[in-house]
Amino acid sequence: MSEPSAGPGSTGGEPRTKGRPSTDDDRRHWMWRPSYLAAGFAVSFVLLLAVRSDTFYWVAVLGMLGLAIVVLLALQLALYRPFGGPVPYATDGTDRQGPVKYHYKVLVRRYLLVMAVAAVLVAVPLAVGVGYLGPFLGAGLVSLGMGTRFWLPQIIAARRCARVLKVYDFEFRAPIRKTNLGAKGVRSLILGGDAAPRMSAREPLFSDRWPKEIGLGAWFAGDEPFGGVILVPGTGELMCMQPENWAALDKARREAGLERQERARRAGLARKRI
């Protein structure tokens, strides 16, 4: 394997530096705050108790809807949030395995925490008698199912990044032009100059903000007509990416040659996935 090419932000021969903690500098909604989610759960719980009333039993419907919304928001807060501190690997393009392993570790740890909390919410009402604890049982069952549903695409995205990084080395690309930030970690960006294709990128963490200072450049591993992975210097996020307009680059992929086509196939980039 060839060594990754140097670029701004690389450390050269000096010791590798760990990433800086990231900060939320883009969208942040009040509904994601844990204190508001806890308040929403409490209100929904009280409304659900109205099911025992002969007069106001219909209010329990509002409580059920509120509880479902709060649980879904809490799951996204637990699973989709960005890194909470410095990353324990080099973010200068010299380490391809460290970012993958850490993303796996974070995603698995978050999932196990969600499943543990959900199991407690289910087990306690069943152990002591459902009664007034019925809403906790419902919240636990929803968390078990939806938590897995939210988490699986994250692991799949991390696996796609890992597959690319087994084949390609990093090289520095700058600037990075941010064009759109969508839901569930999907965003649009352009690597380099005006002639570069617009890429559709997916971050395994599915966070709802752009990594700090990504506009200054990032480490790219891949082949533009097929796609690849970028590693953000400093904050350490990975993003799997492919051309946003896949069909527009059909000719470029056909003319890439057998060696490049085979590398893209081994990296899982031979067909549109993002």
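No disulfides are present in this predicted model: the count comes to zero. A disulfide is a covalent bond between the sulfur atoms of two cysteines. The sulfur of Cys-161 has its closest cysteine sulfur in Cys-240, at 3.5 Å, which is too far for a bond. The points below take up these cysteines, then the sheet, the aromatic rings and the charged side chains.

**Cysteines**

- Cys-161 is buried, because its relative accessible area is 0%.
- Cys-240 is likewise buried, with a relative accessible area of 4%, and for the sulfur of Cys-240 the closest cysteine sulfur is that of Cys-161, 3.5 Å away and too far for a bond, since a disulfide requires the two sulfur atoms to be within 2.5 Å.

**The sheet**

- Strands of a sheet pair through backbone hydrogen bonds, either parallel or antiparallel.
- In this model seven strands form an open sheet with antiparallel pairing, and their order across the sheet is β1-β5-β6-β7-β4-β3-β2.
- The edges are taken by β1 and β2 (176-181), each of which has a single partner strand, so one side of each is left without a neighbour in the sheet.
- From one strand to the next, the twist averages 35 degrees.
- The antiparallel pairing of β2 with β3 runs over five bridges, and one bridge joins Ile-176 to its partner Leu-191 in β3.

**Aromatic rings**

- A pair of aromatic rings is described by the distance of the centres and the angle of the planes.
- The structure holds six aromatic pairs, among them the stacked pair of Tyr-111 and Trp-151, whose ring centres are 4.1 Å apart and whose planes make an angle of 20 degrees.
- This stacked pair links distant parts of the chain, as Tyr-111 belongs to helix α3 (residues 97-128) and Trp-151 to helix α4 (residues 134-165), 40 residues apart.
- Tyr-111 counts as buried because its relative accessibility is 16%, and Trp-151 counts as buried at 13%.
- Phe-172 and Trp-219 form an edge-to-face pair, because their planes stand at 75 degrees, with the ring centres 5.1 Å apart.
- Phe-172 lies in strand β1 (residues 171-173) and Trp-219 in strand β5 (residues 218-223), so this pair ties together parts that are 47 residues apart in sequence.
- Both rings belong to buried residues, for Phe-172 has a relative accessibility of 15%, while the value for Trp-219 is 1%.
- Elsewhere, ring pairs link three residues, Tyr-80, Phe-150 and Phe-206, into a cluster.

**Charges over rings**

- The charged end of Arg-187 sits over the ring of Trp-210, at 5.2 Å from the ring centre.
- The charged end of Arg-253 sits over the ring of Trp-246, at 3.6 Å from the ring centre.

**Salt bridges**

- The count of salt bridges comes to 10, and one of them joins Glu-203 to Arg-187, with the closest N and O atoms 3.1 Å apart.
- Glu-203 lies in the loop between β4 (198-202) and β5, whereas Arg-187 lies in strand β3 (residues 186-191), so this salt bridge ties together parts that are 16 residues apart in sequence.
- Glu-203 is buried, with a relative accessible area of 0%, and Arg-187, which also sits over the ring of Trp-210 with its charged end, counts as buried at 1% relative accessibility.
- Arg-198 forms a salt bridge with Glu-244, in which the closest N and O atoms are 3.8 Å apart.
- Because Arg-198 lies in strand β4 and Glu-244 in the loop between β7 (238-243) and α5 (250-254), the pair ties together parts that are 46 residues apart in sequence.
- Arg-198 is partly exposed, with a relative accessible area of 38%, and Glu-244 counts as partly exposed at 37% relative accessibility.
- Glu-262 forms a salt bridge with Arg-265, with 2.6 Å between the closest N and O atoms, and the two residues, three apart in helix α6 (residues 258-266), are separated by about one helical turn.
- Glu-262 is partly exposed, with a relative accessible area of 34%, and Arg-265 is partly exposed as well, at 44%.
- Finally, Glu-171, Arg-173 and Glu-224 are linked in a network of salt bridges.

Key. Residues are numbered from 1 along each chain as its sequence is written. This is a predicted model: local features need pLDDT of at least 70, side-chain atom pairs count only at pLDDT 80 or more; totals for chains, interfaces and linings use all residues. Side-chain values use heavy atoms; hydrogens and water are left out. Rings of Phe, Tyr and Trp (its six-membered ring) pair if their centres lie within 6.5 Å; planes under 30 degrees apart count as stacked, over 60 as edge-to-face and the rest as tilted. Helices (H or I, at least four residues) and strands (E, at least two) are DSSP runs, numbered from the N terminus. Buried means under 20% relative accessible area, exposed over 50%, partly exposed in between (1.4 Å probe, protein chains only). A charge sits over a ring if NZ of Lys or CZ of Arg is within 6 Å of the ring centre and within 35 degrees of the ring normal. A salt bridge is a side-chain nitrogen of Lys or Arg within 4 Å of a carboxyl oxygen of Asp or Glu. Two strands pair if DSSP finds at least two bridges between them. Axes are lines fitted to C-alpha atoms, for helices over the stretch in contact, and angles run from 0 to 180 degrees between N-to-C directions.
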